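Here is a walk through one structure for someone meeting it for the first time. Have a look at it, then read on.

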Amino acid sequence: YECSPMPRADHCIQLSMLDRQTNQILTLGGTCWPNAPEQATHWMAIPAFPGESMFQAEMFDPYWNQIGEKMISAETVESLLGDTLPRLIDAARMKENAE
């Protein structure tokens, strides 16, 4: 399920990208866990991309404060979200335009 920015008992990781076509940050997907240790285990398993990337993983506390970030590869995004980048980006753009 998707995380929302209201205080809750969830510990979330969100994957996003800088959409150079629209100059926006798009949320591609993410998930939440009921506790910080479980979140930390998943966070440590996400490989950081050495260098610049348009894709980023962000870790949030239950009050939606960002507590970690790392650049990630396109391959990591596809692997974690289980879909192709074109489909993920199209869905994120449609959602952004609907809001």
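Two strands count as paired if DSSP finds at least two bridges between them. Keep in mind that this is a predicted model.

## The strands

Let's begin with β1, which covers residues 11–19, and its partner β2, residues 24–33. The two pair in the antiparallel sense, and 9 bridges link them. Ser16 sits opposite Thr27 in β2, while His11 faces Trp33 of that strand. Between β1 and β2 there are 4 residues, and together the strands make a hairpin. In the turn you'll find Asn23, whose phi is positive, at about 60°.

β1 also pairs with β3, and here too the strands run antiparallel, joined by 6 bridges. One pair to look for is Gln14 with its bridge partner in β3, Glu58. How much of β1 is buried? It's 8 of its 9 residues, so the rest of the structure largely encloses this strand.

## The disulfide

How many disulfides does the structure hold? The count is 1, and it's formed by Cys12 and Cys32, with their sulfur atoms 2.0 Å apart. Cys12 belongs to strand β1 and Cys32 to strand β2, so the bond ties together parts that are 20 residues apart in sequence.

There's a handedness to this link as well: the torsion about the S-S bond is about 95°, so the disulfide is right-handed. Both cysteines, Cys12 and Cys32, are buried.

## The core

In soluble globular proteins, nonpolar side chains tend to be buried together. Here, the largest nonpolar core has 17 residues. Those touching the most other members are Ile13, Leu28, Phe55, Ile72 and Val77. Four elements each supply two or more residues to this core: β1, β2, β3 (55–60) and α3 (85–98). Which of them gives the most? That's α3, with 4 residues.

Val77 is a good place to zoom in. Leaving aside residues up to four places away in sequence, Val77 touches Leu15, Leu28, Phe55, Ile72, Gly82, Leu85 and Leu88.

## Helix α3, inside and out

Now for the helix itself. α3 has 14 residues and reaches 20 Å from its first C-alpha to its last, close to the 20 Å expected at 1.5 Å a residue. Its buried residues are Leu85, Leu88, Ile89 and Ala92. Looking down the helix axis, these fall within an arc of 95°, so they line one face of α3. And what covers them? The cover includes β1, β2, β3 and α2 (74–81).

Turn the helix around and you get another view: the face pointing away from the buried side carries the exposed residues Pro86, Arg87, Met94, Asn97 and Ala98. Take Ala98, which is found in α3. Is Ala98 buried or exposed? Its relative accessibility is 68%, and exposed means over 50%, so Ala98 counts as exposed. As a last stop, pick out Thr41: it lies 57 residues from Ala98 along the chain, and their C-alpha atoms are separated by 34 Å.

Conventions: Residues are numbered from 1 along each chain as its sequence is written. This is a predicted model: local features need pLDDT of at least 70, side-chain atom pairs count only at pLDDT 80 or more; totals for chains, interfaces and linings use all residues. Side-chain values use heavy atoms; hydrogens and water are left out. A nonpolar core is a set of buried Ala, Val, Leu, Ile, Met, Phe, Trp, Tyr and Cys residues joined through side-chain atoms within 4.5 Å. Buried means under 20% relative accessible area, exposed over 50%, partly exposed in between (1.4 Å probe, protein chains only). Contact means heavy atoms within 4.5 Å. A disulfide is a pair of cysteine sulfur atoms within 2.5 Å. The expected span of a helix is 1.5 Å times one less than its number of residues. The arc is that of the directions from the helix axis to the C-beta atoms.
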